[in-house]
Amino acid sequence: GVVNPASPYFRNLFEVFACNFLVGLAIVCQPHVLSKALYLRGDRDVRRYAIRKVMRILVTGASGLLGANLALEAAKDHTVFGLVNSVDLYTDAFQVLKGDLAEPGVIEHLLDQTQPEWVIHCAALANVDACETDPARAVQLNTEVPRELAINVARGGARLLHVSTDAVFDGVKGDYSESDVPNPLSVYART
């Protein structure tokens, strides 16, 4: 299929999430390049942070909802490369690259080609039924690829942000934090 990240569906549904996600990334990882700006939205103050340094960012899974919107938002202030696998993505906002991270040598070539300072890994086999049908493929894409990516990103001196899922929890308690003990109930959640 073909994804148009400029469609109102993409822009409205995740624009705020993507913006907040990137601001959070900048605050945690690049505090020395931030400056505060105060904006008025309606009758309440909203504090926003502007990133001053232009970074080279590689976003994997750039044809998915999260990846596409992160790439679009980041491309407003940064040089962004968006990696897609099998979906054709058309945008002028960032450079779209096509590749399969599970293929030997693709990760190394991609990192050499883009020279990112940050890699935001949004790619995954997130289809729960596909994971149950082919657990070996789920392990490859959701466990082995991120491991190889982390090794190669660290080797090149960039930073990696790996996006995961709340499905690692069983849903019994709710309102989970990073310190809660996972209890994955599916192949997708375990991988």
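Asp175 is exposed, with a relative accessible area of 76%, and this residue lies in the loop that runs between E9 and helix H6 (187-190). The model described here is a predicted one. At the centre of this briefing is an open sheet of five strands, ordered E7-E5-E4-E8-E9 and paired in the parallel sense, together with helix H2 (residues 65-74), which joins E4 and E5 in a right-handed β-α-β unit. Further points concern one aromatic pair, the cysteines, and several loop residues.

**The sheet**

- The five strands of the open sheet follow the order E7-E5-E4-E8-E9, with parallel pairing, and its edges are formed by strand E7 (95-98) and strand E9 (159-162), each of which pairs on one side only.
- Direction ignored, neighbouring strands of this sheet are turned against each other by 20° on average.
- Strand E4 (residues 56-60) has four of its five residues buried, so this strand is largely enclosed by the rest of the structure.
- On one side, E4 pairs with strand E5 (residues 79-84) in the parallel sense over five bridges, and within this pairing Arg56 has Thr79 of E5 as its bridge partner.
- E4 also pairs in the parallel sense with strand E8 (residues 118-121), here over four bridges, and Val59 stands opposite Ile120 of E8.

**Helix H2 and the β-α-β unit**

- Helix H2 (residues 65-74) is the helical part of a right-handed β-α-β unit whose strands are E4 and E5.
- H2 is mostly covered, since eight of its ten residues are buried; among them are Gly67, Ala68, Asn69 and Leu70, as well as Glu73.
- Ala71, which belongs to helix H2, is buried with a relative accessible area of 0%.
- The C-alpha atom of Ala71 is separated by 8.3 Å from that of Leu58, a residue 13 positions away along the chain.

**His78, between H2 and E5**

- His78 is placed in the loop between H2 and E5, and with a relative accessible area of 9% this histidine is buried.
- The side chain of His78 reaches the backbone nitrogen of Met55 at a distance of 2.9 Å.

**The aromatic pair**

- The structure holds one aromatic pair, in which the ring centres of Phe169 and Tyr176 are 4.2 Å apart and the ring planes stand at 5°, so the pair is stacked; the angle falls under the 30 degrees that the stacked class requires.
- The two partners fall into separate accessibility classes, with Phe169 buried at a relative accessible area of 15% and Tyr176 partly exposed at 26%.

**Cysteines**

- A disulfide is counted where two cysteine sulfur atoms lie within 2.5 Å, and by this rule the count comes to zero.
- Cys122 counts as buried at 18% relative accessibility, a value under the 20% cut-off for burial, and Cys131 also counts as buried, at 0% relative accessibility.

**Loop residues and backbone angles**

- Leu125 is found in the loop between E8 and helix H4 (128-133), where this leucine is buried with a relative accessible area of 18%.
- Between the C-alpha atoms of Leu125 and Arg137, which are twelve residues apart along the chain, the separation is 8.2 Å.
- Gln115, located in the loop between helix H3 (106-114) and E8, has a positive phi of about 50° although this residue is not a glycine.
- Asp175, the exposed residue of the opening sentence, likewise has a positive phi, near 50°, in a residue other than glycine.

How values were computed:
Residues are numbered from 1 along each chain as its sequence is written. This is a predicted model: local features need pLDDT of at least 70, side-chain atom pairs count only at pLDDT 80 or more; totals for chains, interfaces and linings use all residues. Side-chain values use heavy atoms; hydrogens and water are left out. Rings of Phe, Tyr and Trp (its six-membered ring) pair if their centres lie within 6.5 Å; planes under 30 degrees apart count as stacked, over 60 as edge-to-face and the rest as tilted. Buried means under 20% relative accessible area, exposed over 50%, partly exposed in between (1.4 Å probe, protein chains only). Helices (H or I, at least four residues) and strands (E, at least two) are DSSP runs, numbered from the N terminus. Two strands pair if DSSP finds at least two bridges between them. A crossover is right-handed if, with the strands pointing away from the viewer, the path from the first strand over the helix to the second runs clockwise. A polar contact is a pair of N or O atoms within 3.5 Å; within protein, one must be able to donate a hydrogen and the other to accept it, and residues adjacent in sequence count only if both atoms are side-chain atoms. Axes are lines fitted to C-alpha atoms, for helices over the stretch in contact, and angles run from 0 to 180 degrees between N-to-C directions.
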